[in-house]
Amino acid sequence: MFRLLSVRVAAATLVGVAAGAGGGFALAGSISSPAEKAAALNRLAAVAATDSSTVPAPAPASAPQPIPAQMLGADVPVPIAPSILRERNGWLVSDGKTLLAVYAGAAGNDPSVGRVVIVSQNVAAGKQTVRAIDAGSTGELTITAAPLGRAAEASAQTGSLRLRTAGGHFLTLDLGTGRISREPHGAPLP
Amino acid sequence: MRLLACTLTLATGLAWSATVASATQPVTAWYMYGSSGSDLKSYAYAHGCDFAQAEPGTGMRVLLLDFGAARKLDSSTWGAVDFSNTRFSNADILSALERAADGYHNCHVRGSVDIAYGNSNYHLSGSGMSSTDAWWAGFHQSERSEDLADYQSSKGYTSQTSDAASDMEPSWESPSVTKQLVSGDQAQGWALYYDFGSADGCPQSGNADGACNNGWHVSDVGYVSYAALALPLPEIYYTANANQWTVVRKWWNANAQGTYFFLGVTASTGVGLTPTASWAALNSLNNGLVESELACFGC
């Protein structure tokens with residue numbers, strides 16, 4: 001990273017030097033520089049590639065605890081950008097090792113398309129995935145029924161959520177397969 | 001001074017002639033969830049270690065930890081509400097950031113890291129925060145980033161530094177309140193403020209100060225992404241996003257001071273463009289003005 005940034009740092013530094021000398025230095029080719037960022041950019045450029053200390057830090061004293069399965073209302077921050085999802089509500093569960101969060105709503109660029117976005121984290125594997133699943137022309141989706149509470153911390157990750165379309169129809173999101181189908185047990189939507 | 005000018009001209013020319021830049025491999029950025037401060041620390045340690053083990057190349061990369069929406073927790077306490085609806089004070093978040101630094105140190109293989117305290121502008125005023133509160137949120141965010149740098153230095157973690165970041169989305173909050181995050185950060189003075197948000201609703205062509213979502217204008221996006229200590233690391237999920245950010249860059253260069261450049265791109269998997277395609281989409285419209293950072297939620 002920052003292959004060109006070293007030049008920008010140099011530019012920022014020079015502007016700082018010039019300003020300090022009462023200069024008003026202007027870069028050739030009309031490339032001016034972010035003088036106010038100079039100190040911070042220089043700091044980045046000065047970071048070494050090795051640590052001066054070889055003493056290991058202590059490992060965490062405890063493992064993460066489960067998060068009971070719960071609905072997420074409109075007041076809870078959404079990590080998904082509005083350009084991807086116009087969110088209605090969400091649902092979350094974690095068994096302490098893997099976390100699953102589902103956000104339901106409509107596609108950011110087309111409110112007629114129902115969409116869910118699934119965020120999955122596996123701490124042990126160091127993996128995080130984000131997956132958008134479209135339900136077709138259903139209008140926005142709302143999660144209306146889901147496993148809740150501590151009893152569902154482990155089992156819910158392969159369970160299912162019930163979704164309501166804008167037109168009042170009901171769909172099922174199978175968390176194991178990531179497929180949306182019409183109820184009851186209908187064929188997957190196109 | 002003339003020598004300096006000549007040197008700089010040469011360096012700049014070389015850099016701009018070598019604009020066949022390409023994105024490096026993506027590095028994982030994390031949404032932070034946790035039901036307690038202890039959980040947050042455990043996750044952060046794991047993310048720091050995982051990041052170090054997977055870090056490609058020998059350069060510096062940004063470890064972006066998104067702690068959720070900036071919040072004022074009580075009359076004198078700032079922090080964030082995370083994506084599991086748990087409220088964490090900045091003291092909790094700093095502890096987690098320190099554990100991320102520990103994890104990176106313990107698992108360090110190559111290169112260096114800039115650990116960024118990320119938050120968002122999600123419904124700041126809706127949670128009762130005023131513009132002044134938002135200013136203090138930015139101020140304290142930068143302050144905690146500096147605290148993290150002090151910790152890194154005290155521990156001999158010389159391959160690390162720290163900064164701040166925010167997912168500033170026009171749809172989530174007004175421009176006047178959101179700008180205060182950047183202004184507060186600037187007032188504190190330590191942290192670069194990486195904008196990993198969007199230019200939602202902004203025009204996709206031209207360089208005018210057109211309207212964006214929620215009362216924002218192109219100039220507002222320009223401010224939160226490049227004024228003061230801000231640097232853009234924009235979300236590019238679709239080609240439309242690359243078009244919008246190009247308009248922001250062109251507006252800035254036509255109307256404000258300094259040549260706007262991008263630190264890189266924030267991308268995702270599972271929707272729209274692949275991470276590499278995201279970076280390429282922005283770079284194709286801003287050749288030579290896109291650094292190679294590629295932070296990815298979902299990689």
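Here is a short conversation between a visitor and a guide about this predicted model.

Visitor: Why is A:Thr177 called exposed?

Guide: A residue counts as exposed if 12 or fewer other C-beta atoms lie within 10 Å of its own. A:Thr177 has 11 C-beta neighbours inside 10 Å, so it counts as exposed. You can find A:Thr177 in the loop between strand 8 (170-174) and strand 9 (179-182) of chain A. From A:Thr177 to A:Gly149 the distance is 22 Å, C-alpha to C-alpha, with their positions 28 residues apart in sequence.

Visitor: What makes strand 1 (residues 27-31) of chain B largely enclosed by the rest of the structure?

Guide: The burial of its residues does: 5 of the 5 are buried, so strand 1 of chain B is largely enclosed by the rest of the structure. For each of them, that means 20 or more other C-beta atoms within 10 Å. Both directions are covered, since B:Val27, B:Ala29 and B:Tyr31 point one way, B:Thr28 and B:Trp30 point the other way, and all are buried. In general, side chains in a regular strand alternate between the two faces of the sheet.

Visitor: How do you know that strand 1 of chain B pairs with strand 10 of chain B?

Guide: Pairing needs at least two bridges, and these strands share 3 bridges, in the parallel sense. One bridge partner of B:Ala29 is B:Phe297 in strand 10 of chain B.

Visitor: And what joins strand 1 of chain B to strand 2 (residues 60-74) of chain B?

Guide: There are 2 bridges between them, and the strands run parallel. With a cut-off of at least two bridges, the 2 found here are enough for a pair. In strand 2 of chain B, B:Asp66 is the bridge partner of B:Tyr31.

Visitor: Why are strand 1 (67-72) and strand 5 (127-136) of chain A said to stand at the edges?

Guide: Each has a single partner strand, so one side of each is left without a neighbour in the sheet. The sheet is an open one of 5 strands in chain A, ordered 1-2-3-4-5 with antiparallel pairing. On average, its neighbouring strands are turned by 15 degrees against each other, direction ignored.

Visitor: What makes strand 3 (residues 98-107) and strand 4 (residues 110-122) of chain A a pair?

Guide: At least two bridges are required, and 10 bridges join these antiparallel strands. Across the pairing, A:Val102 stands opposite A:Ile118 in strand 4 of chain A. As a whole, chain A has 2 helices and 9 strands, and 39% of its 190 residues are buried.

Visitor: Which residues touch the most other members of the largest nonpolar core?

Guide: They are B:Leu65, B:Leu97, B:Ala100, B:Ala116 and B:Tyr194, in a core of 141 residues. This core also draws at least three residues from each of domain 1 (5-45) and domain 2 (67-182) of chain A. Leaving out residues up to four places away in sequence, B:Ala100 touches B:Ala44, B:Tyr45, B:His47, B:Gly48, B:Leu63, B:Leu65 and B:Ile115.

Visitor: How many residues of each chain take part in the contact?

Guide: Chain B gives 78 residues and chain A gives 60 residues. On the side of chain B that touches chain A, helix 2 (residues 37-54) of chain B gives the most, with 8 residues. By class, that side of chain B has 26 nonpolar, 37 polar and 15 charged residues.

Note on methods. Residues are numbered from 1 along each chain as its sequence is written. Chains are lettered from A and ligands numbered from 1 in the order in which they are written. This is a predicted model: local features need pLDDT of at least 70, side-chain atom pairs count only at pLDDT 80 or more; totals for chains, interfaces and linings use all residues. Two residues are in contact if their C-beta atoms, placed from the backbone, lie within 7 Å. Helices (H or I, at least four residues) and strands (E, at least two) are DSSP runs, numbered from the N terminus. Ala, Val, Leu, Ile, Met, Phe, Trp, Tyr, Cys and Pro count as nonpolar, Asp, Glu, Lys and Arg as charged, and the others, Gly among them, as polar. A nonpolar core is a set of buried Ala, Val, Leu, Ile, Met, Phe, Trp, Tyr and Cys residues joined through C-beta atoms within 7 Å. Domain bounds come from an automatic or database domain assignment. Axes are lines fitted to C-alpha atoms, for helices over the stretch in contact, and angles run from 0 to 180 degrees between N-to-C directions.
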